[in-house]
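Colleague: I should like to discuss the charged side chains of this model. Please take me through the reasoning for each answer.

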Amino acid sequence: VQKQTHIVIEAFHILADTYPDWNVYIYGKEAENHTEYTRQLQQLIEKYQLQERVFLCGLEKNVMADLQKADIFAFPSAYEGFGLALAEALSIGLPAVGYASADGVNKLLDNGKNGILCEKGVMPFARGLETVMKSPALREKMGEEARKSVKQYSPDIVWNQWDQLLRQLQEHNL
């Protein structure tokens, strides 16, 4: 599955004892053909006895309100076109952890500045999470950079670029 949500659970399992005050909240609508995957996620949570620490929250109508309560955005996707959820998290100042090999993710994350880009695998992802988890100062610094990094995608800027392009095409009768 492209989103690779199981990696967050596997990585958090490695860190859970060291960080007893941290929890994981996983959001998103279950796709009709992925009920088996959701069941596997629940089994992983039970296997690692994380029922009180890892929550499958499903679809949320006010995602931004939930993101504002978070400290880190874990994004283990194998690939993305444009990671809208990642951009939204960055826009409110959440440092993120994702894979360096994931197209789309590696375009939004600048390793060490607004988040951490990891090599593939559970252990590298766990190390990336821990880097950010263990340092409130780093989270704050990366959060500030995160906000700055996605300003280029603000509606005003994007709409102005589209407007400019359309005007140029019109001038050239294309």
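Colleague: Is Arg39 buried, partly exposed or exposed?

Modeller: This is a predicted model, and the accessibility of Arg39 is computed from it at 42%. Buried requires under 20% and exposed over 50%. Because 42% lies in between, Arg39 counts as partly exposed.

Colleague: With which residue does Arg39 form a salt bridge?

Modeller: The partner lies with Arg39 in helix 2 (residues 35-47), 3 residues apart, about one turn of the helix. The partner is itself partly exposed, at 37% relative accessible area. The closest N and O atoms are 2.7 Å apart, and the residue is Glu36.

Colleague: In the salt bridge of Asp66 and Lys69, which side chain is buried?

Modeller: The two side chains meet at 3.6 Å, N to O. Lys69 has 67% relative accessibility and counts as exposed. The other residue has a relative accessible area of 16%, so the buried one is Asp66.

Colleague: How far apart are the closest N and O atoms of Asp110 and Lys113?

Modeller: Asp110 is partly exposed at 38%, and Lys113 is partly exposed at 48%. A salt bridge requires a distance within 4 Å. The pair forms one, with its closest N and O atoms at 3.9 Å.

Colleague: Which side chain of opposite charge is nearest to Arg139?

Modeller: Arg139 lies in helix 7 (residues 136-149) and is buried, yet has no salt bridge. Its contacts beyond four places in sequence include Trp22, Asp71 and Pro95. Because a salt bridge must be within 4 Å, the distance of 4.5 Å does not qualify for the nearest opposite charge, Asp71.

Technical notes
Residues numbered from 1 in each chain as written. Predicted model: local features only at pLDDT ≥ 70, side-chain atom pairs only at ≥ 80, totals over all residues. Heavy atoms only, no water. Helix = DSSP H or I, 4+ residues; strand = E, 2+ residues; numbered from the N terminus. Buried < 20%, exposed > 50% of the residue type's maximum accessible area, 1.4 Å probe, protein only. Lys, Arg positive; Asp, Glu negative; His and termini not counted. Contact = heavy atoms within 4.5 Å.
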